[in-house]
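This report describes selected features of one protein model with a bound ligand. It takes up the ligand site, then two groups of strands, and finally some individual residues.

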Amino acid sequence: MQPPPRPADPPAPTGRRSAGQLADEAWQRLSPGLAVDAVAALGADEAEVFLTRVQVALADVHGPLVALYGDPADPDQLLARALRTVLAAAAERPAELRRLDRRREIDPGWFQHERMQGYVCYVDHFSGTLGELPDRLDHLSELGTTYLHLMPLLRPREGENDGGYAVADYRQVDPRLGTMADLETVAAALRERGISLCIDLVLNHTAAEHPWARGWLAGDPAYAGFYTAFPDRAMPDAYEATIPEVFPDRAPGSFTWVPEARGGAGGWVWTTFWSYQWDLDYANPEVTLAMLGEITWLANRGVEVFRMDAIPFMWKRMGTSCQNQPEVHDLVQLLHGLTRMAAPAVVFKAEAIVAPDDLVPYLGGHERERPECELAYHNQLMVLLWSSLATQDARLARTALRRMRPIPSRASWVTYVRGHDDIGWAVTDEDAAAIGVGGHSHRRFLNDFFAGHYPASSSRGALFQENALTGDARISGSAASLCGIEAALERGDDDAVEAGIRRLVLLYSVAFAYGGVPLLYMGDEIALLNDDRYLEDPSRAPDNRWMHRPLMDWTAAGRRHDPTTLEGRVYARMFRLGQVRRSLPALRGGTEPSVLHAGSDRVLAWRRRHPRSGAFVGLANFSPDPEVVDADTVTGFGTLDLVLGSDGPLRVEHGGLVVPGLGFAWYAEP
Ligand code: GLC
């Protein structure tokens with residue numbers, strides 16, 4: 001059992017107490033009561049584990065809680081309520097998940113292991129329903145998948161729902177996909193195969209139809225202050241002066257007039273995204289506590305990774321972009337720390353598609369490190385890969401990646417090539433200037449290139465959310481189509497098909513070896529092309545992101561082992577990336593890669609070393625022509641062996657290594 005509480009420390013001589021001291025004092029006040037409840041709920045042994053966990057992490061939640069709600073709310077009272085939610089969740093946690101908790105507490109860096117490899121899919125597009133999903137798991141296991149992100153599957157509103165990102169009930173599954181019981185069965189089947197289930201937690205907003213939103217509209221005091229509505233345009237106009245628009249073409253602005261708001265007087269409701277997605281007001285601690293209840297409940301269904309959707313937007317401040325506010329980090333730290341008290345097997349993954357300097361803090365990389373999300377999408381790397389492909393030049397990638405701040409060793413990137421969203425060109429003007437190009441004109445070039453507007457481009461992308469005012473746009477399109485495979489197939493030009501495959505595999509060769517959890521986007525392993533069937537569905541037709549959310553083509557997948565087919569040519573190479581990655585401890589997370597200058601501006605070169613491993617060097621040539629790199633920089637006088645190459649061992653020419661056009665090579669110390 002817990003040792004008796006020790007007397008409170010005397011205040012520090014200056015009268016100012018550190019965050020740790022304040023948390024300790026709160027612990028002294030709260031722990032006696034919590035200990036009694038914990039023993040009653042969990043039994044003496046489990047209670048001891050639980051209380052230790054709470055005590056160890058208390059400063060990580062107490063600090064953010066006081067920062068967010070210390071004034072005027074009573075932080076002790078809020079903390080006590082949060083801890084009650086957490087204790088209730090711990091008590092309800094199924095035995096199998098508690099065993100997982102125990103394993104993860106022994107192996108806290110589990111998500112950084114070189115065997116980690118992700119896969120992302122829509123349930124309906126991949127298997128039809130959750131019930132049918134277990135029948136498709138062999139495909140994932142064959143690839144080496146250890147992490148499966150199932151795209152939004154909680155019950156959305158009827159009609160348009162932003163691909164499921166307008167959630168009407170966090171505790172129900174979309175009936176078209178199955179039931180919550182089916183989801184639990186899937187989670188268990190995945191666990192059995194060593195695959196962690198990831199789902200989206202859409203927490204910036206709910207659907208307008210969510211009971212919280214209905215309750216708020218109806219004036220139910222339980223939901224007072226859950227959302228924000230202004231009586232007239234004064235405040236919305238003032239905020240919008242500095243808020244960039246997310247969906248300028250069909251959902252301009254960040255507010256929607258709702259006649260039923262404000263007791264029927266009408267009001268402008270905060271809607272950052274579509275008009276039917278209402279932003280929650282996290283300045284109200286009741287919202288945070290309510291969301292904590294939903295997260296811990298879902299964790300107990302077997303979710304291991306929460307993809308924290310659109311988190312930069314969770315806190316608003318006049319005169320700013322209303323993204324990445326310091327309070328967002330407090331909030332995520334608070335929810336993270338509390339969730340892991342109940343479910344330490346769970347990790348958070350940040351979906352923060354923001355500038356590189358704003359991204360690292362989501363991994364806890366602040367002036368003083370703090371536990372926040374364990375994982376975050378490496379949006380910079382993704383964007384730079386596509387940019388390098390378009391320009392056949394790796395200088396921008398080299399410059400921008402070198403400029404990024406290191407991430408805490410307890411965190412890791414999620415490295416990816418393609419996701420379900422459009423690609424927004426997060427290239428900073430500063431990085432562009434460092435290689436002598438203008439940020440705006442470069443972003444414009446990338447849009448034109450991938451939309452196939454240049455004769456030299458065989459890309460089949462489409463512009464998304466073109467903003468006539470600013471000239472900004474983003475790009476939709478499947479990876480294979482952006483790499484030119486679709487156009488080459490249409491022309492019946494097999495050399496061009498091969499070039500397209502090389503581009504696709506080149507990008508993935510970096511995602512698989514840069515460090516972090518690589519994500520395969522469903523269909524890329526067999527080069528699925530743009531799918532325009534979404535145009536037949538009126539609720540999807542106006543959103544061209546659906547063009548790169550294809551249906552899995554299982555007939556095509558059936559050809560994946562036939563080397564004479566497109567699918568076979570792609571699959572064999574993708575498969576090898578995973579297979580070799582798993583054998584390379586240098587690719588373990590927890591350390592940063594260093595980006596090298598290996599004598600060619602067209603080749604991205606990076607070195608990795610884990611303290612427990614030898615060195616690794618990766619090379620990716622974005623030029624269609626062979627490029628010579630400096631052998632000493634790369635292989636360190638021959639101490640590194642080639643472990644995987646697009647074309648086998650590299651030729652040596654005048655003391656340099658020749659990287660084939662659109663080719664890659666991985667070297668590692670044994
Ligand atoms: C995230 C999702 C995107 C969605 C938005 C609003 O950015 O990835 O698809 O539109 O959040 O929920």
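How far from an oxygen atom of the ligand does a polar side-chain atom of Arg 545 lie? In this predicted model, the distance is 3.3 Å. The ligand contacts of this kind taken up here are set out below.

| Residue | Ligand partner | Distance |
|---|---|---|
| Glu 351, polar side-chain atom | oxygen atom | 2.9 Å |
| His 205, N or O atom of the side chain | oxygen atom | 3.0 Å |
| Arg 545, polar side-chain atom | oxygen atom | 3.3 Å |

The protein buries 94% of the 300 Å² that the ligand exposes when taken alone. The ligand is surrounded by 13 residues, of which the closest are Asp 162, Arg 307, Asp 309, His 420 and Asp 421. By character, this shell consists of six charged, four nonpolar and three polar residues.

**Strand E14 and its partners**

Strand E14 spans residues 412-416, and five of its five residues are buried. In a regular strand, side chains alternate between the two faces of the sheet. Ser 412, Val 414 and Tyr 416 lie on one side of E14, with Trp 413 and Thr 415 on the other. Both faces of this strand are covered, since all of these residues are buried.

Which strands pair with E14? One partner is strand E13 (residues 375-377), which runs parallel to E14 and is joined to it by three bridges. Within this pairing, Trp 413 of E14 has Ala 376 standing opposite. Another partner is strand E17 (residues 517-521), likewise parallel to E14 and joined to it by three bridges. Here Leu 519 in E17 is the residue opposite Tyr 416.

**A three-stranded open sheet**

Elsewhere in the model, three strands form an open sheet in the order E21-E24-E23, and their pairing is antiparallel. Its edges are strand E21 (627-630) and strand E23 (651-653), each of which pairs on one side only. On average, and with direction ignored, neighbouring strands of this sheet are turned by 40 degrees against each other. Strand E24 comprises residues 656-659 and is linked to E23 by three bridges in the antiparallel sense. Across this pairing, Gly 656 in E24 faces Glu 653.

**Individual residues**

Asn 324 is not a glycine, yet it has a positive phi of about 55 degrees. Asn 324 belongs to the loop that lies between strand E11 (305-309) and helix H11 (326-342). Is this residue buried or exposed? Asn 324 counts as buried because its relative accessibility is 17%, and the limit for that class is under 20%.

Gln 392 also has a positive phi of about 55 degrees although it is not a glycine. The loop that holds Gln 392 is found between helix H13 (379-391) and helix H14 (395-403). With a relative accessibility of 32%, Gln 392 is therefore classed as partly exposed.

Ile 295 is part of helix H10, which covers residues 285-299. Its relative accessibility is 0%, so Ile 295 counts as buried. What separation is found between the C-alpha atoms of Ile 295 and Arg 171? These atoms are 9.6 Å apart, while the two residues are 124 residues apart along the chain.

Technical notes
Residues numbered from 1 in each chain as written. Predicted model: local features only at pLDDT ≥ 70, side-chain atom pairs only at ≥ 80, totals over all residues. Heavy atoms only, no water. Buried < 20%, exposed > 50% of the residue type's maximum accessible area, 1.4 Å probe, protein only. Helix = DSSP H or I, 4+ residues; strand = E, 2+ residues; numbered from the N terminus. Pairing = 2+ DSSP bridges. Near = heavy atom within 4 Å. Polar contact = N/O pair within 3.5 Å; in protein donor to acceptor, adjacent residues only side chain to side chain. Areas by Shrake-Rupley, 256 points an atom, 1.4 Å probe, with all protein chains shown as cover. Nonpolar A, V, L, I, M, F, W, Y, C, P; charged D, E, K, R; others polar. Axes fitted to C-alpha atoms, helices over the stretch in contact; angles between N-to-C directions.
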